Amino acid sequence: MVIRAVVFDVGGVLEFTEPMDFDRRWEETLGLGDGAIGATMADVWAAGEIGTVTEAQVHAAMRDRLGLTVDQVEAVMADMWKQYLGKPNTDLIAYARALRPRFRTGILSNSFVGAREREQAAYGLTDLVDDCVYSHEVGLSKPDPALWELTCRRLDVAPQEVVFVDDLPLSVTAARAYGMGAVLFETTAQVIAELDALLDRQAE
């Protein structure tokens, strides 16, 4: 079947990100025990990924559970967002932009409440593609098959008409199991070469 849409993950694909270790640095700074932030906030981080808490509730939970001041919470979260956003993969962003209008394009990301606004402000991601599917907005996260179905429906394509780019093998395997094409991100050059091979093959 002819490919009609290309969908990209964000973190580790359209953005270069490092391991999220902001909590370890702040535990030392604030005199908290090793792993205290992660253990205390685990349910809140999970809820933020599927949008069942607001940013205000995240801040309140951090303040109340860890005994932090408002200023401390804001500093920790500012550091979190700095790591979350990483740096733009400018070459892949340019490649994705050039795919339109020949192909429909999308973003599919396991995200966190507040991500859309910050990624748009930093990198203009919502202007880059036809549709953005953020886990915190739809209440589903990869690799839930319902998220693949939703993405295909919103782009108005069949699974076999989509190729998805992600940096996690689990997500790539799950997308393929649903019937989508998928490319595992290792390097930008490798992804572009694989996509070119898939998309140019249609012109033969």
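**Exercise 1. Which residue in strand 5 is the bridge partner of isoleucine 107? Place strand 5 in its sheet.**

Step 1. Isoleucine 107 has cysteine 132 of strand 5 as its bridge partner. Strands (E, at least two residues) and helices (H or I, at least four) are DSSP runs, numbered from the N terminus. The model is predicted: local features need pLDDT of at least 70 and side-chain atom pairs count only at pLDDT 80 or more, while totals for chains, interfaces and linings use all residues. Residues are numbered from 1 along each chain as its sequence is written, and side-chain values use heavy atoms, with hydrogens and water left out.

Step 2. Leucine 108 is likewise bridged to strand 5, with valine 133 as its partner. Strand 4 (residues 104-109) and strand 5 run parallel and are joined by four bridges; two strands pair if DSSP finds at least two bridges between them.

Step 3. The open sheet has five strands in the order 5-4-1-6-7, with parallel pairing. Strand 5 and strand 7 (181-184) are the edges, each with a single partner strand, so one side of each has no neighbour in the sheet. From one strand to the next the twist averages 20°.

Step 4. Along strand 5 (residues 131-134), Asp131 and Val133 point one way, Cys132 and Tyr134 point the other way, and all are buried (under 20% relative accessible area with a 1.4 Å probe, protein chains only; exposed is over 50%, partly exposed in between).

**Exercise 2. Which strands does helix 10 touch? Describe serine 171 within that helix.**

Step 1. Helix 10 (residues 169-178) packs on the sheet and touches strand 6 (162-166) and strand 7. The direction of helix 10 makes about 165° with that of strand 7. Axes are lines fitted to C-alpha atoms, for helices over the stretch in contact, and angles run from 0 to 180 degrees between N-to-C directions.

Step 2. Serine 171 lies in helix 10. Its relative accessible area is 5%, so serine 171 is buried.

Step 3. Setting aside neighbours within four places in sequence, serine 171 contacts Lys142, Trp148, Phe164 and Asp166; contact means heavy atoms within 4.5 Å.

**Exercise 3. At what angle do helix 5 and helix 11 cross? Give the handedness and the contact residues.**

Step 1. The axes of helix 5 (residues 90-99) and helix 11 (residues 188-200) come within 10 Å and cross at roughly 20°. Helix 5 and helix 11 are therefore roughly parallel (angles under 35 degrees; over 145 is roughly antiparallel, 65 to 115 roughly perpendicular, the rest oblique).

Step 2. This crossing of helix 5 and helix 11 is left-handed: the near helix is turned anticlockwise from the far one by less than a right angle, whereas clockwise would be right-handed.

Step 3. Helix 5 contributes Asp91, Leu92, Tyr95 and Leu99, and helix 11 contributes Thr188, Val191, Ile192, Leu195, Asp196 and Leu199.

**Exercise 4. Is glutamine 57 buried or partly exposed? Locate this residue.**

Step 1. Glutamine 57 is in helix 3 (residues 55-66). Its relative accessibility is 44%, so glutamine 57 counts as partly exposed.

Step 2. Valine 44 is 13 residues from glutamine 57 in sequence and 8.7 Å away in space, C-alpha to C-alpha.

Step 3. Helix 2 (residues 36-49) and helix 3 have axes that come within 10 Å and cross at roughly 145°. The crossing of helix 2 and helix 3 is right-handed.
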